[in-house]
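Subject: Structure for your review

Dear colleague,

Please find below the structure that I am handing over to you. I would be grateful if you could read the notes underneath with the structure open beside them.

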Amino acid sequence: MNSNSMTVKDFILSEVPDWDDEVVASARFKAFSGQRSDWQSKFLFWRDLIIKIARHFGLFIIRPSEVKNDWFNREGLTPLCIDHVLFLMYSEGDITRTADLVDPTSGRLSQLFRKVSNLIIKPTTTQETISEEPFILTTLLKDKAAEVIRLISESHWNSSCIVTMKKFQEVCGGPDEKSAILRYLAGCGKAQYISVRKKELVEGIKISLSTSALSSISNLDYDVLHLIWTIERLQQQLDVIDQSYALSRKSALASLQSGNRNLALRYAREMKLATQSREKCSSLLNRVEEVLGVIADAESTKKVSEAMELGARAMKENKISAEEVDVCLRDIQESIDSQKEVEKALGRSLSYTDFEEDIEKEFKSLELAVGNETGVPEPGNAFTDREGKETSEATEFINDAFSNLKLSDDLGESKLEKESKISEMEAA
């Protein structure tokens with residue numbers, strides 16, 4: 001805690017250069033008095049500093065005592081205005097309490113009763129209650145919830161998924177963080193709590209990984225949760241078996257080195273039992289994963305069939321036959337293929353780089369042609385000639401050649417357009 005406190009103090013010193021200024025610190029540490037306009041700037045200073053520290057250290061749940069006594073403790077002096085600052089932050093929505101967020105694990109009837117009671121009797125909050133309970137920084141809670149959804153979505157490709165409560169807690173970073181994030185996501189309609197009791201209580205969460213609304217809980221979701229929980233338990237068992245096998249192997253090798261053959265045989269038997277247990281556990285794990293795979297394939301097939309059903313319904317409502325749809329699809333595909341051919345041709349022939357390279361090649365070929373016909377050296381040698389002789393005939397030839405290369409936005413006019421313009425000039 002002390003090292004973390006020192007780290008926070010180092011961060012404060014980097015953010016607030018005049019932190020150790022006695023005159024400035026004395027003014028900042030005083031309690032607020034008078035009108036709000038008198039201490040508005042001090043309130044904004046403390047609020048922004050609290051948020052900066054929390055964001056830098058990845059915190060969104062903070063205890064007021066930690067803020068007051070650890071973060072801002074200057075040689076035993078603590079800010080007298082911190083309680084007031086936290087109360088104003090709570091009033092303006094910058095922070096909230098875990099108790100203010102609806103607990104999705106309490107049941108729908110309890111949640112409904114809580115909402116109605118809050119509407120009828122608005123709970124009173126004072127500076128004393130704010131200074132005692134942990135508070136949640138609202139902005140950082142939203143960021144953390146978005147990060148949790150992103151991490152979960154990396155291992156799931158559907159628009160929604162089901163995870164066990166243990167897995168969710170690991171992603172969130174702890175039980176307090178899990179509770180706050182779960183309450184927030186449930187309040188936003190992005191998560192629903194699931195529980196099923198077999199031999200023991202299994203808890204999980206159904207989470208929406210997209211912007212679409214979360215579908216209601218189905219009977220299949222309870223079975224999926226139990227299967228996922230079973231996979232995690234089997235994986236844990238495999239890890240325990242692997243550790244036991246490694247320990248037995250190490251002990252067997254040590255026994256052989258010490259010459260205790262009987263003890264080595266005993267450890268070898270334990271290794272054999274561990275190997276057999278692992279095979280059975282792996283076989284069961286594969287079977288459960290296969291069942292989950294079948295369920296996932298069935299859900300995908302269901303979505304495809306639902307899409308086909310919607311398409312058939314739309315065709316029926318708009319009185320469109322299957323032949324008309326087929327013809328329309330063929331026309332669209334032909335248009336797409338034609339467009340791709342055009343884009344490919346344009347990309348191949350009208351590329352600016354290619355066009356520039358062609359011009360440069362043409363220029364070099366003209367230079368060589370002029371040099372061969374007039375006996376004039378190449379441009380590089382001509383410029384280095386001490387006498388500075390220039391071939392006016394070569395220059396005029398190049399100028400005439402390039403004057404005929406008229407470069408426009410449409411890459412030159414066609415020969416037919418030039419001939420028509422010449423005929424119009426002659427007629428005039």
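The notes below describe what was found, beginning with the whole chain and then moving to its parts.

Overview

Please bear in mind that this is a predicted model. The protein has 428 residues, and 25% of them are buried. Its secondary structure amounts to 17 helices and six strands. Of the contacts in the protein with a separation of 6 or more, 67% are between residues 24 or more positions apart.

The sheet of E4, E5 and E6

One open sheet consists of three strands in the order E4-E6-E5, with antiparallel pairing. The edges are taken by strand E4 (160–164) and E5; each has a single partner strand, so one side of each lacks a neighbour in the sheet. On average, and with direction ignored, neighbouring strands of this sheet are turned by 25 degrees against each other.

Strand E5 (residues 191–197) pairs with strand E6 (residues 201–208) in the antiparallel sense, over seven bridges. These two strands form a hairpin, and three residues lie between them. On the other side of the pairing, E4 and E6 run antiparallel and are joined by five bridges.

Which residue of E6 is the bridge partner of Tyr 193? The partner is Ile 205. Ile 205 is also the bridge partner of Val 163. A further bridge links Ser 160 with Ser 208 in E6.

Although E4 stands at an edge of the sheet, four of its five residues are buried, so E4 is largely enclosed by the rest of the structure.

The sheet of E1, E2 and E3

Another open sheet has three strands in the order E1-E3-E2, and here too the pairing is antiparallel. Strand E1 (61–62) and strand E2 (95–97) are at the edges with a single partner strand each, so one side of each is left without a neighbour in the sheet. E2 pairs with strand E3 (residues 135–137) in the antiparallel sense over three bridges. Within these strands, Arg 97 stands opposite Phe 135 in E3. Helix H8 (residues 138–153) lies across E2 and E3, and runs at about 70 degrees to E3.

Helices H3 and H5

How do helix H3 (residues 36–56) and H5 lie relative to each other, and at what angle do their axes cross? The axes come within 10 Å and cross at roughly 80 degrees. An angle of 65 to 115 degrees counts as roughly perpendicular, and H3 and H5 are therefore roughly perpendicular to each other. The residues of this contact divide into 10 nonpolar, one polar and two charged.

From H3, the residues that take part are Arg 36, Trp 39, Phe 43, Trp 46, Arg 47, Ile 50 and Ile 51. They meet Ile 82, His 84, Val 85, Leu 86, Leu 88 and Met 89 in H5.

The buried residues of helix H5 (residues 82–91) are Ile 82, Val 85, Leu 86, Leu 88, Met 89 and Tyr 90. An α-helix has 3.6 residues a turn, so residues three or four places apart point the same way. Just after H5, Gly 93 takes a positive phi of about 85 degrees.

Pro 79

Is Pro 79, in the loop between helix H4 (64–71) and H5, buried or exposed? Pro 79 is buried, because its relative accessible area is 0% and buried means under 20%. If neighbours within four places in sequence are left aside, Pro 79 is in contact with Phe 29, Trp 46, Lys 68 and Phe 72. One of these residues, Trp 46, also belongs to the H3 side of the contact with H5. The C-alpha atom of Pro 79 is separated by 9.8 Å from that of Ala 27, and the two residues are 52 residues apart along the chain.

Ser 282

Ser 282 is found in helix H12 (residues 261–317). With a relative accessible area of 17%, Ser 282 is buried, because the cut-off for buried is under 20%. A polar atom of the Ser 282 side chain lies 2.8 Å from the backbone oxygen of Arg 278.

Yours sincerely

Conventions. Residues are numbered from 1 along each chain as its sequence is written. Side-chain values use heavy atoms; hydrogens and water are left out. Two strands pair if DSSP finds at least two bridges between them. Buried means under 20% relative accessible area, exposed over 50%, partly exposed in between (1.4 Å probe, protein chains only). Axes are lines fitted to C-alpha atoms, for helices over the stretch in contact, and angles run from 0 to 180 degrees between N-to-C directions. Angles under 35 degrees count as roughly parallel, over 145 as roughly antiparallel, 65 to 115 as roughly perpendicular and the rest as oblique. Contact means heavy atoms within 4.5 Å. Ala, Val, Leu, Ile, Met, Phe, Trp, Tyr, Cys and Pro count as nonpolar, Asp, Glu, Lys and Arg as charged, and the others, Gly among them, as polar. A polar contact is a pair of N or O atoms within 3.5 Å; within protein, one must be able to donate a hydrogen and the other to accept it, and residues adjacent in sequence count only if both atoms are side-chain atoms.
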